[in-house]
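User: I'm new to protein structures and would like a close look at one part of this one. Could you pick a single residue and walk me through its surroundings, step by step?

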Amino acid sequence: MRETRYERLQAADQAEAEVENVSENVPETLVQTKVASGSEFLPIGKMSLAQTALFTLCLLLMYFALSIGLTFYQRSLLQTFKFPLSVVLYHLLFKLFLSALIRGCYRVITGRSRVVLSCRSLTKIVPTGIASGVDIGFSNWGLELVNISL
């Protein structure tokens, strides 16, 4: 059975804890500083049910607020800039560079690299990404034709 990403992170955290216990007997000058792991930034597994529900509710409210705000912003943007597919292209390129930056920062901060996809898995992901990009492009194109009101 394959190990999930969450299980791998837990195993890495346990290994770090064991190293800390062993290093208590080592002089202070030889002890390396601990690098923060991903679970310390967002301890979802350690939250109670009420905290998890509140966290999920906050994420949903933030998503809806940003989505509605983006819809109205794009409507006004597309009235002045008449190339909706170019807007999607710039948006996806910006996301690509931003995700590469975040992956690089994650590697520097935690000392661990992220998952690298093989070419075989890319053949399954790329068609979905293209279909999603075309869907967003046509949605932006439709914003030029439809009036949006709140």
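Analyst:
**Around Arg 103**

Leaving aside residues up to four places away in sequence, Arg 103 touches Arg 114, Val 115 and Val 116, where a contact means heavy atoms within 4.5 Å. Before going further, please note that this is a predicted model, in which local features need pLDDT of at least 70, side-chain atom pairs count only at pLDDT 80 or more, and totals for chains, interfaces and linings use all residues. Residues are numbered from 1 along each chain as its sequence is written, and side-chain values use heavy atoms, without hydrogens or water.

Where does Arg 103 sit? Arg 103 belongs to helix α4 (helices are DSSP runs of H or I with at least four residues, strands are E runs of at least two, and both are numbered from the N terminus). With a relative accessible area of 37%, Arg 103 is partly exposed, because that label lies between buried, under 20%, and exposed, over 50% (1.4 Å probe, protein chains only).

Now look at one of its partners. Arg 114 lies in the loop between α4 and α5, so Arg 103 of α4 has a contact with a residue of that loop. Arg 114 also counts as partly exposed, since its relative accessibility is 29%.

Two distances help you picture this stretch of chain. The C-alpha atoms of Arg 103 and Ser 113 are separated by 7.8 Å, although these residues are ten places apart along the chain. For Arg 114 and Gly 104, again ten residues apart, the C-alpha separation is 9.1 Å.

Next, follow the chain onward into α5. Helix α4 covers residues 84–110 and helix α5 covers residues 119–145. They pack at an angle of about 135°, and their axes are 8 Å apart (axes are lines fitted to C-alpha atoms, for helices over the stretch in contact, and angles run from 0 to 180 degrees between N-to-C directions). The pair α4 and α5 is therefore oblique, the name for angles outside three groups: under 35 degrees is roughly parallel, over 145 roughly antiparallel, and 65 to 115 roughly perpendicular.

Which residues bring these two helices together? On α4 they are Pro 84, Leu 85, Val 87, Val 88 and Leu 92, while α5 supplies Gly 133, Ile 136, Gly 137, Asn 140, Trp 141 and Glu 144.

Helix α5 has a further neighbor worth a look. Helix α3 (residues 49–80) packs against α5 at about 70°, with 9 Å between the axes, which makes α3 roughly perpendicular to α5. Here Thr 71, Gln 74, Arg 75 and Leu 78 of α3 meet Asn 140, Leu 143, Glu 144 and Leu 145 of α5. Asn 140 and Glu 144 appear in the contact with α3 and also in the contact with α4.

Finally, step back to the whole chain. It has five helices and zero strands, so along the sequence the pattern reads α-α-α-α-α. Of its 150 residues, 11% count as buried. Among contacts between residues at least 6 apart in sequence, 70% join residues at least 24 apart.

What about disulfides, pairs of cysteine sulfur atoms within 2.5 Å? A search of the whole structure finds zero of them. Cys 58 is partly exposed at 43% relative accessible area, and Cys 105 is also partly exposed, at 39%.

Notes: A disulfide is a pair of cysteine sulfur atoms within 2.5 Å.
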